[in-house]
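Hi,

Here is the structure I promised to pass on. Have a look when you get a moment, and my notes are below.

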Amino acid sequence: MNQLAPEESRNGVKSIRRLLVILKTLNQHNGSKVLELSRQTGISRQSIYRMLATLEEFGYVRRQETDDRYYLTHLVRELADGYFEEGWVTEIAAPVLEDLLAEVVWPTDLATFLNDAMYLRETTRRNSPFTIDRVTVGQRLPMLISAMGRAYLSYCPALEREHILDALRKSDDEYDRLIHRKGYVDAVIETTRERGYAVRYSKYVAEIKTSTIAVPVMSGERVMAAVGITFIASAATAEEIAARHLDALLRAAREIEVRSQELQQQAQPAK
């Protein structure tokens, strides 16, 4: 195995430190120009350009052409969220979904956001007598047609939403192409907020025999996840399911929020 020479090792550590300083500074002053970053960090503009190019390549920052400023993207949040997310999904969400299932009988789900889509993290389909589909944990749920994705988009912070939409505009996924339909996203957000829950856009996938209503799981202003109830589309409408079960779904989301906050507080080191 080749080993780095001492000088190469020192240079590597120095570069990593500079990269972390830039990330920290952007977090404190999101929306900074290169000259501002140089003044704030003491790092040369030439080095900052190189660091920003690397961060932009991996999707952690983006340059806004209208004001020539660099902004952090939602991907930075995942650097901190990933570890804790595993804990609260298994320790908190799973039992809450089981309690919700016992009340509504229809399958209940939780999905989290990653790389411009929602991914199913927990489901009670195995325990519901009304399960007719074969959706499994890990399945990708497109942002613009899934109830989970629509709930997330409708309630996440505006800046994060714009980052997500920017990525969807560049996507080749057939479901993401709905972003180019005039007024589509605005209508989704307006309707979801008016209802207080999101509904899957089932008409775009004719062979699907189920539908879903979903609400966000919040942590302050950001969305941690979305929880939903999946039902047989021929047995009830989304409005009928919401009339019967929306209160229970909202209670489940709030329960996950409270338990998640408690778990995070327990995980913090004592001062």
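What follows covers one helix and two residues in loops.

This is a predicted model: local features need pLDDT of at least 70, side-chain atom pairs count only at pLDDT 80 or more, and totals for chains, interfaces and linings use all residues. Residues are numbered from 1 along each chain as its sequence is written, and side-chain values use heavy atoms, with hydrogens and water left out.

Let me start with helix H7 (residues 184-195); helices (H or I, at least four residues) and strands (E, at least two) are DSSP runs, numbered from the N terminus. Its buried residues (buried is under 20% relative accessible area, exposed over 50%, partly exposed in between; 1.4 Å probe, protein chains only) are Tyr184, Val185, Val188, Ile189 and Thr192. They cover an arc of only 130° around the axis (taken from the directions from the helix axis to the C-beta atoms), so they sit on the same side of H7. Asp186 and Glu194 are exposed on the face turned away from that side. Just after H7, glycine 196 has a positive phi of about 90°.

Next, arginine 200 lies in the loop between strand S6 (198-199) and strand S7 (210-219). Its side chain makes a polar contact (a pair of N or O atoms within 3.5 Å; within protein, one must be able to donate a hydrogen and the other to accept it, and residues adjacent in sequence count only if both atoms are side-chain atoms) with the side chain of threonine 212, at 2.9 Å. A polar atom of the arginine 200 side chain also lies 2.6 Å from the backbone oxygen of threonine 210.

Finally, threonine 124 is buried, with a relative accessible area of 1%.

Best wishes
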